[in-house]
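Could you open the model in your viewer and keep the selection panel handy? We will walk through it one selection at a time.

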Amino acid sequence: MQTLDNPSNLENGEILVEDDRTGLSVETLRRAMADNLRYIQGRFPGSASKHDLYMALAYTVRDRLLQRWLATQETYLKRDVRVVCYLSAEFLVGPHCGNNLINLGIYDQVKQAVEASGLNLQELLDQEEEPGLGNGGLGRLAACFMDSLSSLEVPAIGYGIRYEYGIFDQEIRDGWQVEITDKWLRYGNPWEIARPENTVEIKFGGHTQAYYDQHNRYCVRWVPDKVVMGVPYDTPILGYRVNTANTMRLWRAEAPESFDFAAFNKGDYYGAVATKVVSENITKVLYPNDEQIQGKELRLEQQYFFVSCSLQDIIRVHLRTGNPLETLHEKFAIQLNDTHPSIAVAELMRLLVDEHKLDWDQAWTITQNTLSYTNHTLLPEALEKWSLDLFSNLLPRHLEIIYEINARFLNQVRIKFPNDLDRLRRMSIIDEADGRYVRMAHLACVGSHHINGVAELHSELLKKTTLHDFYEMFPEKFTNVTNGVTPRRWIVMNNPRLTQLITQRIGDHWITHLEDLRQLEGFVEDASFRQEWRQIKRQIKEDLTAKILQRTGIRVNPDTLFDIQVKRIHEYKRQHLNVLHIVTLYNRIKQNPDVDIQPRTFIFGGKAAPGYFMAKLIIKLINSVGEVVNSDPDVRDRLKVVFLPDYNVTNGQNVYPAADLSEQISTAGMEASGTGNMKFSMNGALTIGTLDGANIEIRQEVGAENFFLFGLTAEEVLNLKASGYRPWEYYESNSELKGAIDLISSGHFSRGDVNLFKPFVDVLMQRDPFLLFADYQSYIDCQARVSAAYRDWDHWTRMSILNSARMGKFSSDRSIRDYCRDIWHAEPVKVELSEYDQASAVLTIQ
């Protein structure tokens, strides 16, 4: 307890008293940090490491979170609210501490308290291990949605997996990606609280037994051959400047018995812990390499594990509040984030029918009215399917349930579309071709009340192509919710200079109402504002320049155009098209060293899946081209190529604000939405991109004149492929394209090794599945327009301001409002904090 006797704290002659765990004054924060260092970390200042000091800070901040988190839970329990449950295999939340300081509104107070204690806040924040609980956009979207759900005061729980080892740390050795184990939990995680009392049991394998109960009702009992325990770990996710702190509940797998004394006493020392090892493998690592059957089995185990844990938890909470199971869909809205959690359809049916003895029709009504499904991809190979052999061995009861769902569903299809056998084959949940598979996207479509895409084009293409049959069957299910990102992390936290400038001009209401940024349009013609905007961008580029030197040893010039492409490495995202542009510019310099070229720094970042050879080869190509270009005296530093290793949320916070040009160059019709495009534009970068994903809507919002458009449309892509695409014809007819490909083939970028990049060249020459050659000239021409525009700095600054000003639509707050209105039918619930008083601070059990 801290007594505040500063006269400014006097109210009506009374002295205010702050609790050390919840008070927000600088004095109280310093005292709390000292207490946590001693009594949580067990250190005195002279023996404390920098990490100990970070942990003391983290626990100090967490105490203030817990006050709001407990008030949130108490409010929800008393009000019997409708809760959104967001099921996602990934939650790429990023570092917690700085974000919580911003959302609590105490960043400045904590900075003062830390500095008054002789410490540097940024150095402490840098100690935090980033939770590697996601691979890319899917997990980051889930994290943005959790931030917005809390900021909008919508009751919610995010359910996922507590991976012991997250997405790998990436090192670059000799230009190649090397995967290093991500030991994010090695020093503990101060933001989570284990809840072993809510452990649930998860079954795998075995067989089923049919029987009739005392009411002569047909029942099925699942007799598993393996049981795993799911232990929940809870993390509070605080909203911005509100008291709502929702829960992210992640599940860890444990063995029912972690040590077998009988085996140990017989001398079987490995056998004594074998069950523990096998069980805990389920949540050991994010996305195991699933090229082998063991990897596929583990992937399915992971998905079922966290879905079953979550559904059992939801039912437990529902019943604990005294609600009948028949009203589950009235109290919970469960969103399936992509196909990974789609086994929820069969599992919820199993729980309702087998465990809670509801009849089939009633259970199906509850299931369909509870679940909704977000599709994130148009790529057929990304729509998960599992072989029947694997599925039946791992989840025998679920396969029986899926057969029954499928039989009833196909009867509906027959009635609506009689005598259409081909349609039945296409829509069946069971794929009868090529070995027989369970189609998980089909299961999700059948078992959900809504199906949404994540950008207007993506949703239209879902209806026209990937899920066309389901759209014709259930047109009322389909809707669009364009993705968004949270401005709290992606502007306020990662760009404090720009945040300060904007807030000075229009106030801070924009942080929760991003559409207010439109007010910046009134300053576009203000020369002093443009100068400040440009100075801020220059300072941020200087910061990134220093980080690039520190991490890669490459010196870059902050006055060059920063041309940035950071995202997961994949052929459809076309990092290699970007490389072809670099090689083209390099060829021009070699042909004429005095050619007039706008100086550029090309910055790449992103991870390739460990088993994805072509993506890893693209990383090698980027680094190999950079090695040559960066050291060639003819280039004279007009071009620099940088690959930033280990791209993650933390590194993204440094990169997005520094970009002049954002590369969003996927093949049209391939990217569902993209969210990196939004983060770049919010921070004033201009976009070069195709009409793909959310690029279309960004271009509509910012204005065609402030967007660099190139390439085929999605319809033109389909037409070109249908007419017989011949990439070598583009190669033969375009001298600069031929020159770029030939230089790569010659071994110029591979120290004379003509075979190193042969697989890369062969794919482009023979198939070019993502149409690099077809879009090449349009891309090169568009990049020339970029260079010309950048030379007029003042005009470029105008376009930069307008990009930021017109990004209001792309806040995740808007996305969540759309979900709440159109899909979840969820309402905000206000959470109030009780004033601290000493009388109520003592423990009293009613």
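Here is a short tour of a predicted model, moving from a sheet to a helix and then to some cysteines.

**Stop 1: the sheet.** Begin by selecting strands 20 to 25. They form an open sheet of 6 strands in the order 22-21-20-23-24-25, with parallel pairing. At the edges you will find strand 22 (639–644) and strand 25 (708–709), each of which pairs on one side only.

**Stop 2: strands 20 and 21.** Now select residues 561–566, which are strand 20, together with residues 600–605, which are strand 21. The two run parallel and are joined by 6 bridges. To see one partnership, pick Asp563: its bridge partner in strand 21 is Phe602.

**Stop 3: out to strand 22.** Keep strand 21 on screen and add strand 22. These two also run parallel, and 6 bridges join them. Put labels on Ile603 and Val642, and you will see that Ile603 stands opposite Val642 in strand 22. Next show helix 23 (residues 613–631): with strand 21 and strand 22 it makes a right-handed β-α-β unit.

Is strand 22, an edge strand, enclosed or open to the outside? With buried meaning under 20% relative accessible area, 6 of its 6 residues are buried, so strand 22 is largely enclosed by the rest of the structure. Show its side chains to see both faces covered: Leu639, Val641 and Phe643 lie on one side, Lys640, Val642 and Leu644 on the other, and all are buried.

**Stop 4: a helix across the sheet.** Select residues 575–591, helix 22. This helix lies across strand 20, strand 21, strand 22 and strand 23 (661–664), and runs at about 155 degrees to strand 21.

**Stop 5: helix 6.** Jump to residues 137–151. At 1.5 Å a residue, the 15 residues of helix 6 should span 21 Å; try the distance tool on the end C-alpha atoms, which are 21 Å apart, in agreement. Colour by burial next: 14 of the 15 residues are buried, so helix 6 is largely enclosed by the rest of the structure. Just after helix 6, click on Glu153, which takes a positive phi of about 65 degrees.

**Stop 6: cysteines.** Finally, select Cys219 and Cys445. Are they buried or exposed? Cys219 is buried, with a relative accessible area of 4%, and Cys445 is buried too, at 0%. How many disulfides does a search of the whole structure find? The search returns 0.

Methods: Residues are numbered from 1 along each chain as its sequence is written. This is a predicted model: local features need pLDDT of at least 70, side-chain atom pairs count only at pLDDT 80 or more; totals for chains, interfaces and linings use all residues. Side-chain values use heavy atoms; hydrogens and water are left out. Two strands pair if DSSP finds at least two bridges between them. Helices (H or I, at least four residues) and strands (E, at least two) are DSSP runs, numbered from the N terminus. Contact means heavy atoms within 4.5 Å. Axes are lines fitted to C-alpha atoms, for helices over the stretch in contact, and angles run from 0 to 180 degrees between N-to-C directions. A disulfide is a pair of cysteine sulfur atoms within 2.5 Å. Buried means under 20% relative accessible area, exposed over 50%, partly exposed in between (1.4 Å probe, protein chains only). The expected span of a helix is 1.5 Å times one less than its number of residues. A crossover is right-handed if, with the strands pointing away from the viewer, the path from the first strand over the helix to the second runs clockwise.
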